[in-house]
Amino acid sequence: MTTTTRTPSTGASGDGPAQRQPRLLSGSLPRFAPPAVLVAAALVSAGVLAALGAFSWPGTAVLAAVLYLVAIGALSTAVENGRKAKDRMVTGVVYICFALAMLPLVSLLSTVLVNGLERLDGYFLTVSMNGVTPSMDAGGVYHAIVGTVAITLMAAVISIPIGLFTAIYLVEYGKGRLAKAITFFVDVMTGIPSIVAGLFVVALWMMLFGPGETNGAAGAVSLSVLMIPVVVRSSEEMLRLVPNELREASYALGVPKWLTIVKVVLPTAIAGLTTGIMLALARVIGETAPLVLTAGSSAVAINWNLFDGQMMSLPVFIYAQVRMGGAINMERAWAAALTLIVIVMLLFLAARLISRFFAPKLGR
Amino acid sequence: MAKRIDVSGLHVYYGDFLAVEDVSMTIEPRSVTAFIGSSGCGKSTFLRTLNRMHEVTPGARVEGKVMLDDMDIYGPDVDPVQVRREIGMVFQKANPFPTMSIYDNVIAGAKLNNQRMSKAQADDLVERSLRGANLWEEVKDRLNKPGAGLSGGQQQRLCIARATAVEPTVLLMDEPCSALDPISTLAIEDLIHKLKENYTIVIVTHNMQQAARVSDQTAFFNLAGTGKPGKLIEMDETNKIFTKPEKQETENYITGRFG
């Protein structure tokens with residue numbers, strides 16, 4: 001049996017195995033083919049456009065993409081077979097879509113980086129705008145960092161317990177109308193425009209403390225209105241992912257329900273919970289509109305006190321500087337934007353580390 | 001330590017649906033009782049009512065009486081949490097806690113109940129339980145590694161060790177070997193023989209050879225038809241059930257002429 005399969009060419013034309021053998025084999029393009037075709041497509045399209053006197057980078061990229069898909073499809077059909085050709089073309093489409101998705105992100109990051117680095121230095125990060133006139137070549141963003149950190153921290157302190165406990169209620173205890181009502185209102189809250197959250201707190205503060213009371217706490221409360229539904233939603237999803245068998249195993253050991261939640265359910269879900277909470281934080285840290293309304297937009301001094309006086313924050317600082325419109329103001333705005341992005345990135349880094357640290361371990 | 005279970009006139013409902021109808025039986029201490037029967041006939045449901053685990057399922061409720069020696073586990077002042085400390089359970093799928101090490105998994109019951117124990121006591125309990133589950137030799141050098149890293153059979157024995165570590169009087173096993181290879185199954189069956197000396201054991205199994213090998217008493221459950229409740233058809237000495245059962249239905253099932 002082995003000898004017949006080893007010598008496919010010996011059989012007559014009607015020999016079964018000998019005929020089937022070639023169908024298993026088909027030519028295959030070398031590994032360097034796709035990049036080579038891509039380079040060729042790029043060169044050809046650049047050449048064609050230049051010859052027509054209409055050369056431009058975007059045009060070249062679009063033409064090269066189309067050329068690449070056609071060429072790799074044709075080449076693969078000729079050398080390989082139809083299925084592989086489709087595979088290569090779809091792979092190409094996937095890469096092109098990926099590139100399209102990355103384009104705005106990379107462009108945004110590089111713009112912020114290039115413009116922001118002009119002014120971002122130790123001085124900028126450590127001084128406030130106190131006593132600096134808008135067009136003076138001085139001043140920094142320290143007071144806004146203080147405001148952002150304080151307000152976001154307070155928003156987190158308010159939202160995380162409320163959101164987490166709501167999620168625990170929904171997953172572990174809630175049934176019937178109340179749970180459905182909570183789910184519905186959480187969904188509605190997710191859709192609240194941020195400016196409405198700001199208006200709500202302005203009205204609330206007006207009622208509680210009288211007109212004109214603007215402080216960091218108001219900003220934090222308006223941010224938690226936005227943050228709570230996000231925390232509830234993501235935590236709920238994460239808690240639902242915890243297998244029921246683990247809860248049952250714990251009950252079967254005679255562990256009460258609340259201890260099961262604290263010691264089994266939450267630790268199992270902790271990685272996902274942390275990520276969800278960090279995402280919620282990142283969502284609110286860049287909010288501008290509610291903070292303009294509640295925490296004020298004209299603070300220039302360093303203010304750590306959430307309950308007294310206006311508080312600047314990074315997004316509001318960017319907004320205020322851009323509105324002033326001078327060259328130096330734009331530089332400050334870009335540098336503040338870069339600072340904000342770095343802070344968000346640090347948050348995500350922290351979330352990654354926490355998830356890695358707490359994630360259930362499967363290694364031997 | 002082992003206790004007798006007396007069930008009389010037990011009905012189990014899921015909402016309005018009667019899942020198991022009128023079961024009465026006596027489960028002897030220091031013996032192994034096997035429940036056999038086709039899928040969906042209510043064996044597992046009935047098993048879960050023996051330590052009130054069915055209450056975890058929304059809408060499930062029970063009528064009738066389950067006596068553990070002379071205590072009614074459905075009595076008005078009975079705490080289901082206490083019942084489950086008396087009557088432990090091992091599930092079909094091994095479910096060690098993924099966030100805990102092997103060591104922590106074994107003492108999970110004690111630790112999660114916030115019992116205070118010294119390091120020496122805990123070490124002793126872990127070793128005793130793991131030895132009891134025939135797992136000590138295999139894991140003693142890696143007690144601090146995660147429990148989820150063990151093989152399927154080892155995980156199941158870890159779950160048995162975890163269940164015995166809270167020192168229950170009765171151990172319920174819901175198809176403990178259905179996901180395991182023959183070698184691991186053998187290890188667990190040996191373990192059941194050993195545990196029988198101290199515990200009352202109830203085991204649900206689809207494997208009739210297994211029921212014949214490990215049990216002293218066998219109960220056969222069946223359901224009258226689709227949508228009808230499951231019933232206890234016959235319960236007797238295992239030998240008798242497998243050689244000359246009284247009911248024709250039982251004989252059909254164990255000889256493979258089912259339906």
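Where chains A and B meet, 26 residues from chain B and 22 residues from chain A make up the contact. Bear in mind that this is a predicted model. Besides that interface, here's a quick tour of a helix pair and the domain split in chain A, plus some strand pairing in chain B.

**The A–B contact, seen from chain B**
- Four elements of chain B each bring at least two residues to the side that touches chain A: helix H2 (80–86), strand E6 (87–90), helix H4 (108–112) and helix H7 (152–165).
- H2(B) gives the largest share of that side, with 4 residues.
- Sorted by class, the side of chain B that touches chain A comes out at 14 nonpolar, 7 polar and 5 charged residues.

**Domains of chain A**
- Chain A splits into domain 1, covering 26–115, and domain 2, covering 126–358.
- Measure from C-alpha centre to C-alpha centre and domain 1 of chain A sits 42 Å apart from domain 2 of chain A.

**A helix pair in chain A**
- Helix H10 (residues 216–240) of chain A and helix H12 (residues 257–285) of chain A have axes that come within 8 Å, crossing at roughly 150 degrees.
- Angles over 145 degrees count as roughly antiparallel, so that is how H10(A) and H12(A) run relative to each other.
- The handedness of the H10(A)–H12(A) crossing is right-handed.
- On the H10(A) side, the residues that meet H12(A) include A:Leu223, A:Leu226, A:Met227, A:Val230 and A:Val231, along with A:Ser234 and A:Ser235.
- Across from them, H12(A) offers residues including A:Val265, A:Ala269, A:Leu273 and A:Ile277, with A:Gly272, A:Gly276 and A:Arg283 also among them.
- By class, this contact of H10(A) with H12(A) counts 14 nonpolar, 4 polar and 1 charged residues.

**Strand E10 and its partners in chain B**
- Strand E9 (residues 217–223) of chain B pairs with E10(B) in the antiparallel sense, over 7 bridges.
- Strand E2 (residues 17–27) of chain B runs parallel to strand E10 (residues 230–237) of chain B, and 2 bridges join them.
- B:Lys231 in E10(B) is a handy residue to look at: B:Glu21 has it as a bridge partner, and so does B:Asn222.
- The hairpin of E9(B) and E10(B) has 6 residues between the strands, and there B:Gly227 takes a positive phi near 80 degrees.

Notes: Residues numbered from 1 in each chain as written. Chains lettered and ligands numbered in written order. Predicted model: local features only at pLDDT ≥ 70, side-chain atom pairs only at ≥ 80, totals over all residues. Pairing = 2+ DSSP bridges. Domains from an automatic or database assignment. Axes fitted to C-alpha atoms, helices over the stretch in contact; angles between N-to-C directions. Parallel < 35°, antiparallel > 145°, perpendicular 65-115°, else oblique. Left-handed = near helix turned anticlockwise from the far one by under 90°. Contact = placed C-beta atoms within 7 Å. Nonpolar A, V, L, I, M, F, W, Y, C, P; charged D, E, K, R; others polar.
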